[in-house]
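Subject: Structure for your files

Hello,

Here is the structure I said I would send. My notes on the repeats and the charged pairs follow below.

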Amino acid sequence: CLPPSLSPCGIAGGIEICITFPTEYVKTQLQLDEKANPPKYRGIGDCVKQTVHGHGVRGLYRGLSSLLYGSIPKSAVRFGVFEYLSNHARDEAGKLNSTRGLLCGLGAGVMEAVVIVCPMETVKVKFIHDQSSANPKYRGFYHGVREIIRTQGIRGTYQGLTATVLKQGSNQAIRFYVMTSLRNWYKGDNPNKAINPVVTGTFGAIAGAASVFGNTPLDVIKTRMQGLEAHKYKSTLDCAVKIMRHEGVRAFYKGTVPRLGRVCLDVAIVFIIYEEVVKVLNTVWKTE
């Protein structure tokens, strides 16, 4: 994917994040809410009610800045790496099969996790968790990042790296696998058949939903490993074992509903923008 296509992807992602971030906030709070503590929230509605009552509507946007600042570079890494890998994985006819699409997506997900997503998500989770504490200590994005680095070093922004790599790798592997499969099915024997944006968006939403149901347990583990109480866990595996022991299997699916809403919209929008921009670029120079 050539650089000019990445900015619209990131801008689209940024717009989507601003619209749907409250669902991301609620998802994160529910995932951080441990049954053993006992739980602070009785469900999605109660989480929204308590947040608005204690912090106003702005409270639902706590941690937004970290995702907003990371949206363009994340899209750049994700689609750039995917295009690079897929260009080397296509057959003689230029077709990318589903299995190779999965592997290219896996590579893109792992790369974005290491370069962009882990520090971005760590900061977001810490900001959201901080708001629910008795004495919040982060006054804003730059102050919060500065405090995290001052007290924990750069490693403090890379908490839960293993879980993030597993989550993002599986995320993009599932999404690109589903997307590649659906595109190949839709085009059939005609590789030049055009796909309109509505179809692309529908395929993207399906791919997003598949990733939510496929790896929400990893998302829950990642969130716990990046929270303010991450010190309780010795490793990603230890975190998984403790969740299972103290909270049961259902805890691994906390926040599924709000995550589903946001991810489906996110993936649909970004794939529409990406596909349409690539079409435009193909009239100028070859991108695939």
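Please keep in mind that this is a predicted model. In it, residues 99-185 are 80% helix and 0% strand, and the C-alpha atoms at the two ends of that span are 14 Å apart. The span 195-280 has its end C-alpha atoms 14 Å apart as well, with 78% helix and 0% strand. Both spans come from the UniProt record, an unreviewed entry, which lists "repeat: Solcar" at residues 4-88, 99-185 and 195-280.

Next, the charged pairs. Side chains of opposite charge can pair when their charged atoms come close. Searching the whole structure gives 18 salt bridges. Three of them are described here, starting with one that spans two helices.

D219 pairs with R259, and their closest N and O atoms are 3.6 Å apart. This bridge connects distant parts of the chain, since D219 sits in helix α7 (residues 197-226) and R259 in helix α9 (residues 256-282), 40 residues apart. D219 has 0% relative accessibility, so the residue counts as buried. R259 is also buried, because its relative accessibility is 3%, under the 20% cut-off.

The pair D238 and K242 stays within one helix. Their closest N and O atoms are 3.3 Å apart. Both residues belong to helix α8 (residues 236-247), and because they are four residues apart there, about one helical turn separates them. D238 is buried at 14% relative accessibility, whereas K242, at 23%, is partly exposed; the two fall into separate classes because buried means under 20%.

E247 makes a salt bridge to K254, with 3.3 Å between the closest N and O atoms. E247 has a relative accessible area of 9% and is therefore buried. Elsewhere, salt bridges with shared partners join E24, K27, E121, K124, K167, D219, K222, R259 and R262 into one network. The D219 and R259 pair described above is thus part of that network.

One more residue to look at is T20, in helix α1 (residues 6-32). Is T20 buried or exposed? With 8% relative accessibility, T20 counts as buried. Leaving aside residues up to four places away in sequence, T20 touches R262 and L265. R262 is also one of the members of the salt-bridge network.

If you open the model, D219 with R259 in helices α7 and α9 is a place to start, followed by T20 and its contacts R262 and L265.

Regards

Conventions. Residues are numbered from 1 along each chain as its sequence is written. This is a predicted model: local features need pLDDT of at least 70, side-chain atom pairs count only at pLDDT 80 or more; totals for chains, interfaces and linings use all residues. Side-chain values use heavy atoms; hydrogens and water are left out. UniProt positions are given in the numbering used here, feature names are shortened, and annotations may be inferred rather than shown by experiment. A salt bridge is a side-chain nitrogen of Lys or Arg within 4 Å of a carboxyl oxygen of Asp or Glu. Buried means under 20% relative accessible area, exposed over 50%, partly exposed in between (1.4 Å probe, protein chains only). Contact means heavy atoms within 4.5 Å.
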